[in-house]
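Welcome, and please open your viewer. We will walk through this structure one selection at a time.

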Amino acid sequence: DKGGYEHYMLKEIYEQPTTIEQSFKGRIAVDGKSIVLGGLIDVMPQLVKAPRIIILGCGTSWHAGLVAEYLIETYCRIPVEVEYASEFRYRTPVINKGDVIIAVSQSGETADTLAAIKKAKEDGAIIIGVCNVVGSSIPRETHAGVYTHAGVEIGVASTKAFTAQVTVLTLMAIQIAKEKGSIDQSEYEILIQEILEVPNKVRVALSKEDKIKSISDKYSDAVNALYLGRGYLFPVALEGALKLKEVSYIHAEGYAAGEMKHGPIALVDDNLPVVAVAPKDHYYEKVVSNIQEVKARKGNVIAVLNEGDLNLKEMVNDFIEIPSCHPAISPLVAVIPLQLLAYHIALNRGCDVDQPRNLAKSVTVE
Ligand code: F6R
């Protein structure tokens, strides 16, 4: 049932205020001062003293893992590696005593992720799952875990499962930090408050759909597209590019904005749309200078920016506003316009957004 929407992908994009809330509900105390992750209670001591955390996933789930890398390193001061499960399983990865593996998977059935955790388990690692489908194969192989509670995701391109994964991984990161003592109580409470405000900020981001649709009409004939972001928003740039290529078949690449001059800038000409995720965070000035570099080469910049950023609005070809939020929480809000942009461009191109060619919802073979 598409609930009145034209496609499952659109329905699932619009479900996100609710699904994000489902992912934190019951896990944040009513007074907003603590987090309880029931599924992690037994392994919290190991997480707190973990010498290293390795996050495994594929595709969108790997992108959620990248967001978690920034969070865990910032707040928990634990070294993190994020690996493609398909690579990890065939390497000879070094797993030391005490290392913790976090497997991220919507379906819980991805063959590579499943094989990777089986291997790490044999090597003695503690395995934690962050999965959506309850009772699926990956959660059955893990020692502990947290379900993402996004509900059934039918659109092949993952949307609400991604924001649910990021929500859960954010709760995990700040709770590990809290138990470890690497975050102070006030920062901890600020972050909890920010998480509680996400559903409303996502609603505001969704309200820009008409604007996004009109932007999509200008860029639907693109052959290539570049997505740029920094820090917490670098994985969001990767995810935006993946969404576009999956549903519209436009070749798109996500890049850390600072890497642009090391190669991709050679692609910039007056045919190239460049989507720059540029809210007013710590990296704002740097992303703006990357945008200027694109503009100087006649690229078309579509900026995802904060409401009221007149300076940047003047500089770019098109812009999509998002509410401002704490940088650590910003992926949850900034990804919304990128999902809608991919959806509308794909529709304009007559693509089957719910069932893109060559893709399967759950990749149970390697
Ligand atoms: C992207 C997408 C895929 C999956 C990947 C992992 O929209 O759907 O990239 O994210 O196949 O799947 P799960 O999360 O089920 O392990």
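Which residues line the second largest cavity? Before you select anything, keep in mind that this is a predicted model. Now pick Asn224, Ala225, Leu226, His251, Glu253, Leu267 and Leu272, and you have the lining of that second largest cavity. Strands S6 (224-229) and S7 (251-256) are the elements that give two or more residues to this lining. The largest share, three residues, comes from S6. Color the lining by class and you will find four nonpolar, two polar and one charged residues. The space they line is about 40 Å³.

**Next stop: the largest cavity**

The count of cavities of 30 Å³ or more comes to two, and the largest has a volume of about 60 Å³. To see its walls, select Tyr219, Ala222, Ala225, Tyr227, Leu244, Ile250, Pro273, Val275, Ile302, Leu341 and Ile345. This lining divides into eleven nonpolar, no polar and no charged residues. Try highlighting strand S6, strand S8 (273-277) and helix H14 here: these are the elements that give two or more residues to the lining of the largest cavity.

**Next stop: the nonpolar cores**

Keep H14 selected, residues 330-348. What does this helix do for the largest nonpolar core? H14 gives the most to that core, with twelve residues. The core holds 93 residues, and those that touch the most other members are Ile53, Ile72, Ile102, Met172 and Tyr227.

Now center on Ile72. Leaving aside residues up to four places away in sequence, Ile72 touches Ile53, Ile55, Arg77, Ile78, Val80, Ile102 and Ala173. Two of the core members you have just highlighted, Ile53 and Ile102, are among these partners.

There is also a second, separate core, made of 21 residues. To find it, select some of its members, including Ala257, Met260, Val287 and Met315.

**Last stop: helix H2**

Finally, move to helix H2, residues 16-24. Which of its residues are buried? Select Gln16, Pro17, Thr19, Ile20, Ser23 and Phe24 to see them. Then switch on what covers these buried residues, which includes helix H1 (8-14), helix H8 (160-180), helix H9 (185-206) and H14. After H2 comes glycine 26, and its phi is positive, near 75°.

Key
Residues are numbered from 1 along each chain as its sequence is written. This is a predicted model: local features need pLDDT of at least 70, side-chain atom pairs count only at pLDDT 80 or more; totals for chains, interfaces and linings use all residues. Side-chain values use heavy atoms; hydrogens and water are left out. A nonpolar core is a set of buried Ala, Val, Leu, Ile, Met, Phe, Trp, Tyr and Cys residues joined through side-chain atoms within 4.5 Å. Buried means under 20% relative accessible area, exposed over 50%, partly exposed in between (1.4 Å probe, protein chains only). Helices (H or I, at least four residues) and strands (E, at least two) are DSSP runs, numbered from the N terminus. Contact means heavy atoms within 4.5 Å. On a 1 Å grid over the protein atoms alone, a cavity is a set of points where a 1.4 Å probe fits but cannot get out, and a pocket is an open set with protein on both sides within 12 Å along at least five of seven lines; lining residues have an atom within 4 Å of a point. Grid points are joined across faces, edges and corners, and a volume is the space filled by probe spheres set on the points. Ala, Val, Leu, Ile, Met, Phe, Trp, Tyr, Cys and Pro count as nonpolar, Asp, Glu, Lys and Arg as charged, and the others, Gly among them, as polar.
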